[in-house]
Structures are given as C-alpha cells and as structure tokens.
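Biologist: Got a minute to walk me through this one? Put it up and start wherever you like.
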Amino acid sequence: MSAWQVYILRCADGTFYTGITTDTDKRITAHNAGKGAKYTAARRPVVLAYCEASENRSTATKREMAIKSLSRAEKAVIVNAYKANL
C-alpha cells in the first residue's frame with residue numbers, strides 16, 4: 001500500500017486547498033480536470049505548493065485538519081519553508 005501524503009495546492013486565484021492522497025500526481029491531475037473537489041474545480045489550474053508524507057490515513061487526516069485550521073498567513077509560511085528546502 002502506498003504511503004499517504006498531505007498536500008497543499010495553490011489555486012489560480014491565489015487561495016490554498018489542503019487534502020490527502022496516496023498518489024499526489026494523480027490527485028493533482030484530477031483537480032485540474034475539475035474532478036478533484038468543488039473548491040478547486042472553480043479555481044483551476046492548481047499547482048502543488050506543499051507535500052508531506054504520513055504514516056497512514058489516520059495521521060494524514062489529522063494533519064490535514066490541523067493545516068486547514070491555520071490562517072492563510074500560517075499556510076503561506078509552511079509553503080514558503082517547503083519551497084526553500086527543495
């Protein structure tokens with residue numbers, strides 16, 4: 001079984017979308033095809049801004065919820081730190 005990932009997408013309107021998946025590339029393709037989520041369907045194209053591995057679905061979901069509870073500025077800090085480490 002694939003490892004779970006938590007990801008943040010930057011939408012075309014500059015907003016962030018957070019989700020979980022076992023296949024980041026496939027999930028981003030789905031989002032950009034309008035089949036990922038209602039939120040991203042209206043804000044295409046989206047690009048991967050952040051990704052982190054999780055042990056399992058449970059920990060990925062908990063991390064997703066933690067990120068979703070952050071302010072936009074706090075999410076931007078996570079995204080910028082990730083980009084700096086690439």
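Modeller: Let's start at serine 54. Leaving out residues up to four places away in sequence, serine 54 touches Ala3, Trp4, Val6, Thr59 and Ala60. One caveat before we go on: this is a predicted model.

Biologist: Noted. Where does serine 54 sit?
Modeller: Serine 54 is in strand 3.

Biologist: Buried or exposed, that serine 54?
Modeller: Buried. The relative accessible area of serine 54 is 11%, and the cut-off for buried is under 20%.

Biologist: Back up a bit. How many helices and strands does the protein chain have?
Modeller: Four helices and three strands. In sequence order the pattern is β-β-α-α-β-α-α.

Biologist: And strand 3, which residues does it cover?
Modeller: Residues 47-54, with glutamate 52 among them.

Biologist: What does glutamate 52 touch, apart from residues up to four places away in sequence?
Modeller: Trp4, Gln5, Val6 and Arg63. With arginine 63 there is also a polar contact, side chain to side chain, at 3.1 Å.

Biologist: How far is glutamate 52 from valine 77?
Modeller: 15 Å between C-alpha atoms. Along the chain they are 25 residues apart.

Biologist: Gln5 was on that list. Which strand holds glutamine 5?
Modeller: Strand 1, residues 4-10.

Biologist: What covers glutamine 5, contact-wise, beyond four places in sequence?
Modeller: Two stretches and a bit. Glutamine 5 touches Gly19, Ile20, Thr21, Thr22, Asp23 and Thr24, and also Cys51, Glu52 and Ala53. Glutamine 5 counts as buried, because its relative accessible area is 16% and the limit is under 20%.

Biologist: Where does the side chain of glutamine 5 find a polar partner?
Modeller: At alanine 3. The backbone oxygen of alanine 3 is 3.1 Å from a polar atom of the glutamine 5 side chain.

Biologist: Staying in strand 1: what is the relative accessible area of isoleucine 8?
Modeller: 0%, so isoleucine 8 is buried. Isoleucine 8 is in strand 1 too.

Biologist: Which residues is isoleucine 8 in contact with, leaving aside neighbours within four places?
Modeller: Phe16, Tyr17 and Thr18, then Val47, Leu48, Ala49 and Tyr50, and finally Ile67, Ile78 and Val79.

Biologist: How far apart are isoleucine 8 and cysteine 51?
Modeller: 6.5 Å, C-alpha to C-alpha, with their positions 43 residues apart along the chain.

Biologist: What share of contacts is long-range over the protein chain, say 24 or more positions apart?
Modeller: 55%, counting contacts with a separation of 6 or more.

Biologist: New topic. What about the peptide bond from arginine 44 to proline 45?
Modeller: That bond is cis, with omega near 0 degrees. Most peptide bonds are trans.

Biologist: Where is proline 45 placed?
Modeller: In the loop between helix 2 (38-41) and strand 3.

Biologist: Anything to look at in helix 2?
Modeller: Try tyrosine 39, which is placed there. Its side chain and that of threonine 15 are joined by a polar contact of 2.9 Å. Tyrosine 39 also touches Cys11, Phe16 and Tyr17, among residues over four places away in sequence.

Biologist: How open is tyrosine 39?
Modeller: Partly exposed, at 31% relative accessible area.

Biologist: And the gap from tyrosine 39 to glycine 14, what is it in space?
Modeller: 13 Å between C-alpha atoms, at 25 residues apart in sequence.

Biologist: Lysine 26, buried or exposed?
Modeller: Exposed. Its relative accessibility is 62%, and exposed means over 50%. Lysine 26 lies in helix 1, residues 24-32.

Biologist: How far is lysine 26 from cysteine 51?
Modeller: 14 Å from C-alpha to C-alpha. In sequence they are 25 residues apart.

Biologist: Now the whole protein chain. Why would you call it consistent with a compact globule?
Modeller: Because a compact globule of 86 residues would have a radius of gyration near 12 Å, and the protein chain has 12 Å. The C-alpha atoms fill a box of roughly 30 × 30 × 25 Å along the principal axes.

Biologist: How much of the protein chain is buried?
Modeller: 37% of the 86 residues. The accessible surface comes to about 5,100 Å², and 54% of that belongs to carbon and sulfur atoms.

Biologist: Last one. How many positive and negative charges?
Modeller: 14 positive and 7 negative, with their mean positions 7 Å apart.

Key
Residues numbered from 1 in each chain as written. Predicted model: local features only at pLDDT ≥ 70, side-chain atom pairs only at ≥ 80, totals over all residues. Heavy atoms only, no water. Helix = DSSP H or I, 4+ residues; strand = E, 2+ residues; numbered from the N terminus. Rg over C-alpha atoms; globule rule 2.2 N^0.38 Å. Buried < 20%, exposed > 50% of the residue type's maximum accessible area, 1.4 Å probe, protein only. Contact = heavy atoms within 4.5 Å. Areas by Shrake-Rupley, 256 points an atom, 1.4 Å probe, with all protein chains shown as cover. Lys, Arg positive; Asp, Glu negative; His and termini not counted. Charge placed at Lys NZ, Arg CZ, Asp CG, Glu CD. Polar contact = N/O pair within 3.5 Å; in protein donor to acceptor, adjacent residues only side chain to side chain.
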